[in-house]
Amino acid sequence: MEPPLADLPSTILRLADLANRRATTFAVVPSANENKAIAAHLDLRSLRKLRFAGEIAPVGAADWTLTATLGATVVQDCVVTLDPVTSRIDEVITRTYAAEMEMPQGAEVEMPADDTVEPLPSAVDVALVMIEALSLAVPDFPRAEGADLGDAQFTGPGATPMTDDDAKPFAGLAALRDSLSDTSGGKGEE
């Protein structure tokens with residue numbers, strides 16, 4: 001069961017309260033209980049050493065840029081063996097909040113060329129930015145060292161199982177072509 005977002009950390013920076021001529025620094029280091037809530041929210045076995053530190057700075061007349069370093073150690077289940085797999089994540093995260101960008105409307109919207117640009121909010125919850133960045137950074141298919149799927153064969157009772165080679169029809173055609181060229185002895189190529 002997924003915990004409610006209320007259990008997750010929140011560090012809100014109201015842009016109107018920030019200095020508009022210099023950068024404002026921040027550091028988010030969740031507690032052990034908050035790490036457990038984030039790990040449960042992201043379906044991780046465990047989460048350690050999570051830290052999100054950086055600055056949010058004004059750009060031009062109304063835009064803001066958030067630049068931060070995300071560091072974490074995550075433990076996930078191996079997709080093959082379900083053994084624990086530990087991964088270290090160290091990434092630089094950048095978000096640009098643009099005053100002139102409008103929120104897309106409608107059932108279908110086109111993704112912008114730069115996916116780090118977002119519409120300007122009144123406040124930025126840097127903890128939510130951290131959780132979003134962490135969710136994008138964790139390995140999609142963690143695999144324990146030496147874990148191998150091997151060959152799987154499925155068939156009905158009494159039937160011959162199909163192999164990977166059987167599923168390659170052009171390999172069979174190549175073999176047929178080679179056998180025909182061997183029997184023709186080079187004749188017919190004029």
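Biologist: How much surface does the protein expose, and what share of it do carbon and sulfur atoms supply?
Modeller: This is a predicted model, and in it the protein exposes about 13100 Å². Carbon and sulfur atoms supply 52% of that area.

Biologist: What makes up the nonpolar surface patch of about 450 Å²?
Modeller: Four residues do: Phe170, Leu173, Leu176 and Leu180. Phe170 belongs to helix 3. As a general point, an α-helix has 3.6 residues a turn, so residues three or four places apart point the same way.

Biologist: Why is Phe170 called exposed?
Modeller: Exposed needs over 50% relative accessible area. Phe170 comes in at 66%, so it counts as exposed.

Biologist: How confident is the predictor, and where is confidence lowest?
Modeller: Helix 3 (residues 169–184) has the lowest confidence, with a mean of 76. At the other end is strand 4 (residues 63–77), the highest, at 95. For the protein, the mean pLDDT is 82, and 81% of the residues reach 70 or more.

Biologist: What is the order of helices and strands from the N terminus on?
Modeller: The elements run β-β-α-β-β-β-β-β-α-α. That's 3 helices and 7 strands. Of the contacts with a separation of 6 or more, 63% are between residues 24 or more positions apart.

Biologist: How many aromatic pairs does a search of the whole structure find?
Modeller: Just 1 aromatic pair turns up. The rings are those of Phe26 and Phe52, with centres 5.7 Å apart.

Biologist: What makes Phe26 and Phe52 a pair, and why is the pair called tilted?
Modeller: Two numbers settle it. Ring centres have to lie within 6.5 Å, and these are 5.7 Å apart, so they pair. Planes under 30 degrees apart would be stacked and over 60 edge-to-face; here the planes are at 40°, so the pair is tilted.

Biologist: Which parts of the chain does the pair tie together?
Modeller: Phe26 sits in strand 2 (residues 24–28) and Phe52 in strand 3 (residues 46–59), so the pair links parts 26 residues apart in sequence. Both Phe26 and Phe52 are buried.

Biologist: Staying in strand 2, why is Ala27 called partly exposed?
Modeller: Ala27 is also in strand 2. Its relative accessibility is 47%; buried would need under 20% and exposed over 50%, so Ala27 counts as partly exposed. Leaving aside neighbours within four places in sequence, Ala27 is in contact with Arg51, Phe52 and Ala53.

Biologist: What about Val117: why is that one called partly exposed?
Modeller: Val117 has 23% relative accessibility, and buried means under 20%, so Val117 counts as partly exposed. You'll find Val117 in strand 6 (residues 117–119).

Biologist: Which residues is Val117 in contact with, leaving aside its neighbours within four places in sequence?
Modeller: They are Thr96, Ala98 and Met101. The C-alpha atoms of Val117 and Met101 are separated by 8.3 Å, with the two residues 16 apart along the chain.

Biologist: Which residues of helix 1 are buried?
Modeller: In helix 1 (residues 32–41), they are Asn35, Ala37, Ile38 and Ala39. Those buried residues pack against strand 3 and helix 2 (126–137). After helix 1 comes Asp43, with a positive phi near 60°.

Biologist: And what percentage of the 190 residues in the protein is buried?
Modeller: Buried residues make up 29%.

Notes: Residues numbered from 1 in each chain as written. Predicted model: local features only at pLDDT ≥ 70, side-chain atom pairs only at ≥ 80, totals over all residues. Heavy atoms only, no water. Phe/Tyr/Trp six-rings, centres within 6.5 Å; stacked < 30°, edge-to-face > 60°. Helix = DSSP H or I, 4+ residues; strand = E, 2+ residues; numbered from the N terminus. Buried < 20%, exposed > 50% of the residue type's maximum accessible area, 1.4 Å probe, protein only. pLDDT = per-residue confidence, 0-100. Contact = heavy atoms within 4.5 Å. Areas by Shrake-Rupley, 256 points an atom, 1.4 Å probe, with all protein chains shown as cover. Patch = residues over 30% accessible without salt bridge, like charges linked within 9 Å, V, L, I, M, F, W, Y side chains within 5 Å. Salt bridge = Lys/Arg side-chain N within 4 Å of Asp/Glu carboxyl O.
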